Amino acid sequence: MDDADATASQQSHWAYLATSYCSDSSKANLSPMQPILVNSTSYIRRAPSHPQRVNLQVPIYIKDTKVDPNIKTMAEFDFQVFRSVTFGTIFSMMAIFLVLFGAINNATRHVLAWMARNRHRPLACEPRWAQWLRQRVINPALLPNGRRMDHATWFGFLMVNYPSRLESMVLTLFITLNIVLLFPSYHLFADNSIMPGNTSLQLARYIAERGAQLSFSLLPMIYLFGGRNNILLWVTGWTYERFIVMHKWSARMMVFQAIVHSIACTWYTIHLTGWQGYCAKFQDDFFVWGVVATCVGCYILLMAMPNLRRAVYDLFLACHIVFVALFTIACWYHVQLIDDQMNVMFLYVSVGVWSFDRVVRLVRVLYLNVMLGIGRTGLRRVQVQAMHGHSEVLRITMDADKLAPFGKTRCLPGAYIYMYVPSVYFWQSHPFSVGPWHRVDADAAVQKKAMDFSMEYDNDDATTFVSRTTTFTMDSTSSHSTAVDGDMVDVPLDDAPPKEMSDAPYKDTFDLLIRPQGGMTRKLHDMVSKAPGCAMSIYALIEGPYGHFEPVLQYDTAIFVTGGVGCTATVPYLQYAVHHANKIAARRIVFYWTLQYEEQLTWAMQDVIDCLRAVNDRTARLTASEDDNIAKVASLAMDISIYVTRTKKPGPYSHDMDVDDEKELHGLTMTYGSRPKLDELVANVVDTAPGSVAMLYCGSSGMSDSARKITAQHGIPYFEEAFKW
């Protein structure tokens, strides 16, 4: 650079200083730079031996050997800050890449399912490479023994949750990046002006800076992945459980980086200024808030351990909310007091994401529970019944008013809601699967006529519903369309519902089945048990619906494996398949339900029977049709297998629901006193299936491991409804 260019550069820098930093100061000298330099050179003096002890009144000359180390030191520090920010963005880029991959996969899945529905053909069998991925990567548990869920323990007492193998691979990459990115690109040199001759101090200072930056860069992901109204749930089609896994590990790595930052800062300060200097740091508010943030973060992780979380869930939930708020405040002051605008930005984003989730949740609660605009006033009331016996269960029946999906499909497969019970806990909510749905006549006289009428056909103009005692269609048209070799043909309907029944008022309801554990559910059960008849009507608030309608019904054969109250998640799929047959591609449904005691059949057995009878009646109508093409087609076949493991023979509950006489109900198998050999049953279904096969599971953790292992062996799609967060 020649002298002219150097002078021009100096003039531009001087102008920038004059306009940006000195323009508001009345005492600032805003003269041009060149006259000041000319004037100052005549007064310049050599620097004294101890300039820090001298009141300097004139410009001094400093040798390049003195200036260069300072410039080099500051440049290296600025470079480390820049590099830390760059490494922090790698986490964001990784999350964006995963979301894009999930979005593409989700869009592809929906397009294929849409094409299958339009062509009335099931999804084709997956290619060999896709089956290999399901066998080796997607479906298997992390460990070869198949153990994945939360019943695993370390050292005989420490509960752990093993992610799936695919999730574990992603998490391994994420954890490795968090460790590896702490160490590269450090330039250490002996003539460092702040820490001369001590490269260990330099390394500790830079690691502390990088740990802080990486920790703050993870904050937005933690708040986003933990929110119920996370927009990525809809974009990717992933389950909330998967995002909670990501939420937990992002939080663990964030606290890990904060601990690295704190340890490095502590070691650096003690070795630079001694213990006295370190103790003096606690007079600085910025330092104190940093210590508070680290300690609170560690406490939150400690309380989130499975053992403590399950033992004292109510305490965990309250502490989690309070201490996360305290942690956020501490982080805010820690960076705001030193004007760290970069990390303040991460906090702005995090608080914005949290606020959005809370506002949407509040809007949902107000809209769904303040009964305005539907001819009613007041808050939502629900009917609660305590079902006693070997297993304590609460059945909660609530109206489907103002739940938009009910107005369209009258069924919510794969959905769950959060419920608040103000009379028990006004601030705590729990997730529950939306179980079997029913359409109940409001007029008892009309309902009496409806009990003898059954019609299970579905078309766009019909209003089909299921009650616990009857299945029928209102305002049905004269024909029903079904698929024959991919083409649509009309099936005539000989019977039409009575006119008075068609005009009858009705309401949609759905059930929740709850196994009392501790806290809110236990207190609710105890309260209802003391009521007359172990039933009562209470005020409750619901939030939702959340969840995904898994595309299991778009495969040629759909297998549902259920354990206990897991029927709440699987029975709605049966109801949807039966009463919206034109919207699915499945030709066969296989349903396995394992229970311990016969009395548990009352949970949902009548709903299962209604679905099976509807399918059998429909098949009989198609078979009896005069059209040979229609007679050859069974649009939907259903096989129901119920296993009651601890009851040896049919009892009063079976007789009450007519499930003991298998001859009258084709497709139903009742087995008492033994458990299902799930591997053999599924293998037989897969081997005999003419097309694609998929499985959906909801039940206990141990049975989940078995189901996952079986689907991995056969390389078929596996879906799971689980609340493991």
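This passage describes the overall make-up of a predicted model, and then turns to one helix pair and two individual residues.

The protein chain of the predicted model contains 725 residues, of which 48% count as buried, and its secondary structure comes to 23 helices and 22 strands. Among the contacts in the protein chain whose separation is 6 or more, 72% are accounted for by residues that lie 24 or more positions apart.

Two packed helices are described by the angle between their axes and by the distance between those axes. Helix H5, which spans residues 165–180, packs with helix H9, which spans residues 240–280, at an angle of about 15 degrees, and the axes of the two helices lie 11 Å apart. Because angles under 35 degrees count as roughly parallel, H5 and H9 are therefore roughly parallel to each other. The crossing of these two helices, H5 and H9, is right-handed. On the side of H5, the contact is made by Glu167, Leu171, Phe174, Ile175, Asn178 and Ile179, which meet Arg242, Val245, Trp249, Ser250, Met253, Phe256 and Gln257 in H9. Sorted by character, the residues of the contact of H5 with H9 comprise eight nonpolar, three polar and two charged.

A further helix, H3, covers residues 64–119 and includes Asn106. The relative accessible area of Asn106 is 6%, and because buried means under 20%, Asn106 is buried. When residues up to four places away in sequence are not counted, Asn106 touches Trp234, Val235, Thr236 and Gly237. With Trp234 there is also a polar approach, in that a polar atom of the side chain of Asn106 lies 3.4 Å from the backbone oxygen of Trp234.

Leu696 offers an example from a strand, as this residue is found in strand E21, which comprises residues 693–698. With a relative accessible area of 0%, Leu696 is buried. Its surroundings include parts of the chain that are distant in sequence: Leu696 and Pro551 are 145 residues apart along the chain, whereas their C-alpha atoms are separated by 9.6 Å. Leaving aside neighbours within four places in sequence, Leu696 is in contact with Glu550, Val552, Ile559, Phe560, Val561, Thr570 and Tyr573, and also with Phe719 and Glu721.

Terms used
Residues are numbered from 1 along each chain as its sequence is written. This is a predicted model: local features need pLDDT of at least 70, side-chain atom pairs count only at pLDDT 80 or more; totals for chains, interfaces and linings use all residues. Side-chain values use heavy atoms; hydrogens and water are left out. Helices (H or I, at least four residues) and strands (E, at least two) are DSSP runs, numbered from the N terminus. Buried means under 20% relative accessible area, exposed over 50%, partly exposed in between (1.4 Å probe, protein chains only). A polar contact is a pair of N or O atoms within 3.5 Å; within protein, one must be able to donate a hydrogen and the other to accept it, and residues adjacent in sequence count only if both atoms are side-chain atoms. Contact means heavy atoms within 4.5 Å. Axes are lines fitted to C-alpha atoms, for helices over the stretch in contact, and angles run from 0 to 180 degrees between N-to-C directions. Angles under 35 degrees count as roughly parallel, over 145 as roughly antiparallel, 65 to 115 as roughly perpendicular and the rest as oblique. A crossing is left-handed if the near helix is turned anticlockwise from the far one by less than a right angle, and right-handed if clockwise. Ala, Val, Leu, Ile, Met, Phe, Trp, Tyr, Cys and Pro count as nonpolar, Asp, Glu, Lys and Arg as charged, and the others, Gly among them, as polar.
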